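I am opening the notebook on this model and going through it entry by entry. Confidence comes before any detail.

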Amino acid sequence: MRKNKLWSLGLFLLLALTAILAACSSNEGTTEPAKTTETSGEATTEETKEAVPQVLVFGRGGDSVSLDPAIVTDGESFKVTENIFETLLNFGEQDTTIHPGLAKEWEVSEDGLTYTFHLQEGVKFHDGTDFNAEAVVKNVERWKAGTAEQFYYFNTMFKAEGKDIIKTVTAVDEKTVVFELSRPQAPFLKNIAMSPFGIASPTAFEAAGDKFGDNPVGTGPFVFVEWKRNDSITVKKNDNYWQAGLPKLDTIIFRAIPDNSARLNALVTGEIDLADGINPSDAGTIEGNADLQLIERPSMNVGYLGLTSTRKPFDNKLVRQAVNYAIDKQAIVDAFFEGRAEVAVNPMPSSIFGYNDEITGYEYNPEKAKELLAEAGYDGKEIELWAMPVPRPYMPDGQKVAEAIQKNLADVGIPSKIVTFEWATYLEKAKNGEADAFLLGWTGDNGDADNFLYALLDKDNIGSNNYSYYSNDAVHDLLITAQSDLDEEKREQLYKEAQVLIHEDAPWVPLVHSIPLLAAKKGVTDYVPHQTGSESLINVSIQ
Amino acid sequence: MVSNSVEMKTVEEKAVGPWKVAWQSFKKSKAALVGTAIVLFFILLALFGPLVAPQDINDQNLSVRLLPPSGEYWFGTDDFGRDIFSRIVHGARISLAVGFLSVVMSAVVGSFLGIIAGYYGRMLDTIISRIFDIMLAFPSILLAIAIVSILGPSLQNALIAIAIINIPNFGRLIRSKVLSVKEEEYIVAARAIGMKDSRILLRHILPNSFSPVIVQGTLAIATAIIEAAALSFLGLGAVAPQPEWGKMLSDARVHLMTAPWTMIFPGLAIMLTVLGFNLMGDGLRDALDPKMKN
């Protein structure tokens, strides 16, 4: 008992002391706000440039699931595979326009059914295998042969109602490959540029089978070295890389540090060079630290409160609308995102083509919410409000947001209990439709409206990414038509109509489009974060 | 029969004596008095504090979030613009209630099992004692986490978990005391005249074995408060928006750098309460321990 007393006394004194010291130092810092440009203009280290070791330690929130991009869905896996593998097409540096990748040129037929890709010359996989049309064919055939469980992304992007959208893929000659589609797919080029469709060495994946993810072989700027599970992944420079002078780094170490504060601390102490997942509340501290730079990832996400429309009381549209009126989104954005976010109106951010800006959203109006609840005959039964246990790029602190929503709901007479589970369980249970109301979000993969509206709210995706079990046949028809129509203007119109219907049905409370924050040491140069959440570090160097 | 009542009378007289002696020695210890004062202060706070707390503890006002301590908000405001002082005052009720209730529960169950094990011995003793040994083989907080994981996170379940993990401490303590008390002549006499076991246990053995339980109980409240705070800190105890101190600490963690007062005050509240109970418990132990008597 005595021990206990001493222990608690000591710990809390220490804690108080640390806090006070920390507060003092940060106060000094904030009096001289430093610039946070992404390129470091001040070349104070010119002399020592040669001597700086080109090793980057990238601290992030979780470990990768697998390093085979074709089989994974999590951002932490793509962050690494983006550096080992390359796709036929690339996105722009900070947008989702289409640029050459492993294919230097491409042609699309009039009817939108035939895509011809001309491949780069002189590219080899890390194991020495030649990159050619045959390799591309083997990759696509591997994806096509797999089940939905094996190749999740390929199945959602290139299969519909059990049918392959990519009918055939053929190698016309060494450097030309032709894709034949069974029906036109408007976002085809954007889809093919997504991280999951990195081209892997056929020799390697044929030999490794299921184990390919443990020893990935691609054509990318970095070669896989080792993987210590739940700790770090190391990749080194590809000396035979096909683009001269690249990459600039010799080694990248991806380290998993789950706690946001611990990760920031590791950055401050110099243990890591670049930290993902910065709490908005820490942004000020970083801006005040002359050794660090704050980096904003362009926003292409949505954080929302899903209202499972198969469960009481949310099977009633009026209740769902009432919840939309009840929540003060602006206050949440101001408080828990420190203003580094935009209040969401639609299920996708305004930067996406097809966004309907005529919809103004449900304003914060508790009185209106109460009226709707009365009209709906809501019985005042307590609901479960699910909050994610881990910080996500679209919502750094789900627990706090949930607590604010809990109060908003209580104000209009909906009692709620905040519930949380371990992250994988949380997703699994929400996917099974076990939640009443749940916080969740989505980061776009390719910048197309299809990747938001169809992926998240179409009835085809119930049991996959449509966690709210929203099902509306009119919306489904609009989304499917938009998916297969190549006329951009018509597509825009269709998506706008779909958003009107979704807004009316209110399967979600769209909350926020956040700006995910990263921080790096001053010396980290040319790191350009991409809105999809993962990017190649090919141009990054350390000064 | 006459001789029996005389016997009982002397026992009662004996029982009064030691308590007086204990109080004399307890008064002498300054630390114990300070501890008692702190404990009384928190008990009063828990009883009447909510009446004097200046603000509504659940009233969120996001426009005044994370304000430093000031005249209006004595301990500053938290993430949701709630008054930390008011929340700590309300939190005293939760922490003390969890501390007292869990200790009462474990003391009752522990004493019951301990007396049975000590008095009847043999198989019953072996079984109960081995169960205690098994429970004590686990680090207590780990066991508590396991129990809460099974029951589901809530303050009530945290209380139950803390009560369960403390049972063996009380059980073993009282068992060892019973082992010596049951050999006393008055017990042998009571048995010889054919008194029922239940009466012997309740009227004679329990009162004469109980003083260590009081000491253990006081100290256990301190541990229980820490354990409840720890469970809430880990998200396994109090749920939002309850103003539990450990939960307040956990919620404030992100603001360690920018708004340290959100952590310092709940931390101090936990520290002071625990310190108070420990000082008081130490004083009680010294006062009630016959070996310490001069």
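**Entry 1: confidence.** I started with the weak stretch in chain A: pLDDT stays under 50 over residues 23-49, and the model has 30 contacts for them beyond four places in sequence. This is a predicted model, and I note for later use that coordinates with low pLDDT should not be read in detail. Chain A as a whole averages a pLDDT of 85, with 90% of the residues at 70 or above. For chain B I found a mean pLDDT of 86, and 92% of its residues reach 70 or more. The weak stretch I looked up there is residues 1-15 of chain B, where the pLDDT is below 50 and the model has five contacts beyond near neighbours in sequence. For the model I wrote down an ipTM of 0.76 and a pTM of 0.79.

**Entry 2: chain B.** Which elements make up chain B? I counted eleven helices and zero strands. The box filled by its C-alpha atoms is roughly 75 × 45 × 30 Å along the principal axes. Of its 294 residues, 47% count as buried. I also checked contacts in chain B with a separation of 6 or more: 72% of them link residues 24 or more positions apart.

**Entry 3: domains of chain A.** I have three domains down for chain A: domain 1 covers 85-214, domain 2 covers 222-298 + 517-542, and domain 3 covers 301-514. Between the centres of domain 2 and domain 3 of chain A I noted 31 Å, taken over C-alpha atoms. Where these two meet, ten residues of domain 2 of chain A contact nine residues of domain 3 of chain A. On the domain 2 side of this contact I sorted the residues into three nonpolar, seven polar and no charged.

**Entry 4: a sheet in chain A.** I traced an open sheet of four strands in chain A, in the order S4-S5-S9-S8, with antiparallel pairing. Why do S4 and S8 of chain A each have one side without a neighbour in the sheet? Strand S4 (103-108) and strand S8 (166-173) of chain A stand at the edges and have a single partner strand each, so one side of each stays free of a neighbour in the sheet. Neighbouring strands of this sheet are turned by 20° against each other on average, direction ignored. Five bridges join S4(A) to the antiparallel strand S5 (residues 114-119) of chain A. Glu107(A) has Thr116(A) of S5(A) opposite. I then looked at helix H3 (residues 133-145) of chain A, which lies across S5, S8 and strand S9 (176-181) of chain A and runs at about 165° to S8(A).

**Entry 5: backbone oddities.** I went looking for exceptions here because most residues other than glycine have a negative phi and most peptide bonds are trans. Leu246(A) and Pro247(A) are joined by a cis peptide bond, with omega about -10°. Pro247(A) sits in the loop between strand S11 (232-237) and strand S12 (251-256) of chain A. A cis bond also runs from Lys312(A) to Pro313(A), with omega near -5°. I placed Pro313(A) in the loop between strand S15 (301-307) and helix H9 (317-326) of chain A.

Glu338(A) is not a glycine, yet has a positive phi of about 50°. It lies in the loop between helix H10 (329-336) and strand S16 (341-343) of chain A. Arg122(B), also not a glycine, has a positive phi of about 50°, and lies in helix H4 (residues 122-137) of chain B.

Is each of these two buried or exposed? Glu338(A) is partly exposed, because 16 other C-beta atoms lie within 10 Å. Arg122(B) is exposed, with 8 other C-beta atoms within 10 Å.

Definitions and conventions. Residues are numbered from 1 along each chain as its sequence is written. Chains are lettered from A and ligands numbered from 1 in the order in which they are written. This is a predicted model: local features need pLDDT of at least 70, side-chain atom pairs count only at pLDDT 80 or more; totals for chains, interfaces and linings use all residues. pLDDT is the predictor's confidence in each residue, from 0 to 100. Two residues are in contact if their C-beta atoms, placed from the backbone, lie within 7 Å. Helices (H or I, at least four residues) and strands (E, at least two) are DSSP runs, numbered from the N terminus. A residue is buried if 20 or more other C-beta atoms lie within 10 Å of its own, exposed if 12 or fewer, and partly exposed in between; C-beta atoms are placed from the backbone. Two strands pair if DSSP finds at least two bridges between them. Axes are lines fitted to C-alpha atoms, for helices over the stretch in contact, and angles run from 0 to 180 degrees between N-to-C directions. Domain bounds come from an automatic or database domain assignment. Ala, Val, Leu, Ile, Met, Phe, Trp, Tyr, Cys and Pro count as nonpolar, Asp, Glu, Lys and Arg as charged, and the others, Gly among them, as polar.
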